[in-house]
Structure formats: structure tokens, C-alpha cells
Amino acid sequence: MLIDEKLCTGCGECLHYCSVGAIIATPSGRIGVAQDECVECGACLRSGACVVNALAREQLSWPRVLRARFSDPEVRGDDRGPSGRVSPGMKTDDVTHQMKRDEILVSLDMGRPNLGVRLRSVEKVTRAVAAFRPVFKIGNPVTALMVDVSTGRLRDDVLDEKVLTATIEFTLKPDALGKLADLLRPLSQELDTVFSLGLACLANEDGSSPLPAWAAAAGIGLNPNGKLNVGLGRGKGEA
Ligand code: SF4
Ligand code: SF4
């Protein structure tokens, strides 16, 4: 995001709407955008806070355009990768029959408003997780940036980019969940951002969930909230 110095009155209204604190008062007393911190989420622009229209989105080129694709819900991807944070899988894999019994779909949701996340930190996690030989989710924007899904390595030219949030998705066998938790606990202390762990699986035939037992065996505490997929992801004509 850019601020047109000729139009900006320095009122400071837009500061309150920046999701990562990238709009700052410069040493010269003007208001500016710290370009390396800006995740191109567009929130300042959409807020309508600037009554003199001094905020302006620049034409973003690769790899900076990734910031907007991961952070701004109004920006779409192209042939170099999808937009958004996740694949549709977490919500639709059960009804599209891509989810298997005795398999967990794991999501690691990295970054948050106020913090954001560098793709270098995302790669740190994908590389560590790759040791478990997970199946990284096709259609996920992080997977699309991998040059090697067996090592979790991302493209070198994207690592310095900062985004609001990025979600790593992969499938895992339930007996690997404990090892994943053991890996993530110390890793969480090394990262300069936060992440949350999401788990999804098929319900048992009787409607109960196997997840609480799997999570307990792995030493993972579950929050008593979640999402129940009611099947709206089914394709036309599917039962
Ligand atoms: S685009 Fe987002 S991150 Fe960048 S200055 Fe505006 S609100 Fe802040
Ligand atoms: S709201 Fe507009 S005029 Fe006020 S500081 Fe931000 S860019 Fe400048």
C-alpha cells in the first residue's frame, strides 16, 4: 500500500485500521507505510478512513503479489498459484470422498492480525513436518509454493514475503499425531509468530468422533469448539 504524500494531511486515521501496524509516523513527521511490514491486506483502503483518498494500492509484481493473495480476500490467484489461505478440503473432503478412514487432515494456521507471518517461518514448519512424510494438500496455497513436497522446501524467491496468515495442510495417520505434537511444541518457541492446530477426520459410523481419543493419546488438548460439516460441499447429483 502506498500513501500519496501530496494528498495526505497526516491526520493519522488510517493507522487504526492497519492489521499489522505497518502504517507509521515517519521521522520527518509524515505518515507512511513500512513496506516490508505491509501484508497488502487492503484493510486500510476498505475502511474508508482516508477521506482525501491518499491511500493507493500499487500494481504488485511477483513475489510481492503473494502478500495480497494470502492476506486480501478480494485478491485472486493466477496460474502461479491459488489465492486464499486454505484448500477447500477441510470443509469438503468428507463429502467429496477424499477423506479416508483412519486419516487425519491437519491444518497449521500460522500468523494472525497484529503479527502476520513470513513465508520463511512457514517453510521452517513445512520442512520440519516433512520428516513425517505427510501428504501435503494439493490446492493449498502453501503447497503450491513448494519446489519439493518431500522436503517441504518453498521457492527461495518467496521466503522474505510477509502475509497475514498462511495455512499448511496435510494428511497424517493417527499414530503419527503424537510425534507431530512433540515436534510442534519446541518449534513453537522458535517461531516469531503464532499458529493453531486444526484436526479433521471422518465421523465413526455411529456418528461419534474418533478425534478426542486420538488427540488424548497424542497429548493434545481439544478446545470444546469446532465445525460440523453438514454436507453442503457435495457436487450436483451426489447423495
Ligand atoms: S494494506 Fe494492510 S498491512 Fe498494508 S498498510 Fe494497509 S492495512 Fe496495513
Ligand atoms: S487517513 Fe489519509 S490523510 Fe490521514 S494519515 Fe492516513 S493517508 Fe494520510
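# Exercises on a predicted protein model

By class, the residues in the shell around ligand 1 are 12 nonpolar, two polar and one charged. Here Ala, Val, Leu, Ile, Met, Phe, Trp, Tyr, Cys and Pro count as nonpolar, Asp, Glu, Lys and Arg as charged, and the others, Gly among them, as polar. This is a predicted model, in which local features need pLDDT of at least 70 and side-chain atom pairs count only at pLDDT 80 or more, while totals for chains, interfaces and linings use all residues. Residues are numbered from 1 along each chain as its sequence is written, and chains are lettered from A and ligands numbered from 1 in the order in which they are written.

**Exercise 1.** Determine which residues come nearest to ligand 1 and which to ligand 2.

*Solution.*
- Step 1. A residue is near a ligand if its C-beta atom, placed from the backbone, lies within 6 Å of it.
- Step 2. Ligand 1 has 15 residues around it, and the nearest are Met1, Cys18, Cys38, Cys41 and Cys44.
- Step 3. Ligand 2 has 14 residues around it, with Cys8, Cys11, Cys14, Cys50 and Ala54 nearest.
- Step 4. The shell of ligand 2 divides into 10 nonpolar, three polar and one charged residues.

**Exercise 2.** Describe the order and pairing of the four-stranded open sheet.

*Solution.*
- Step 1. The protein has six helices and 12 strands; these are DSSP runs numbered from the N terminus, with at least four residues (H or I) for a helix and at least two (E) for a strand.
- Step 2. The open sheet has the order 7-11-5-12, with antiparallel pairing. Its edge strands, each paired on one side only, are strand 7 (135–136) and strand 12 (195–200).
- Step 3. Strands pair if DSSP finds at least two bridges between them. Strand 7 and strand 11 are joined by two bridges, strand 5 and strand 11 by seven, and strand 5 (residues 104–110) and strand 12 by six.
- Step 4. Individual partners may now be located: Val135 stands opposite Thr171 in strand 11, Ser107 opposite Glu169 in strand 11, and Leu105 has Ala200 in strand 12 as its bridge partner.

**Exercise 3.** Identify which element gives the largest share of the largest nonpolar core.

*Solution.*
- Step 1. A residue is buried if 20 or more other C-beta atoms lie within 10 Å of its own, exposed if 12 or fewer, and partly exposed in between. Of the 239 residues in the protein, 31% are buried.
- Step 2. A nonpolar core is a set of buried Ala, Val, Leu, Ile, Met, Phe, Trp, Tyr and Cys residues joined through C-beta atoms within 7 Å. The largest core has 43 residues, and Ile104, Met110, Val122, Val163, Ala166 and Ile168 have the most contacts inside it.
- Step 3. The elements giving two or more residues to this core include helix 4, strand 11 and strand 5. The largest share, five residues, comes from strand 5.
- Step 4. Strand 11 is mostly covered, with five of its seven residues buried.

**Exercise 4.** Is Arg57 buried or partly exposed?

*Solution.*
- Step 1. Arg57 is placed in the loop between strand 4 (55–56) and helix 2.
- Step 2. Arg57 counts as partly exposed because it has 14 C-beta neighbours inside 10 Å.
- Step 3. Residues are in contact if their C-beta atoms, placed from the backbone, lie within 7 Å. Leaving aside neighbours within four places in sequence, Arg57 is in contact with Met1, Gly42 and Leu45.
- Step 4. The C-alpha atoms of Arg57 and Glu40, residues 17 apart along the chain, are separated by 8.2 Å.

Terms used:
Two residues are in contact if their C-beta atoms, placed from the backbone, lie within 7 Å.
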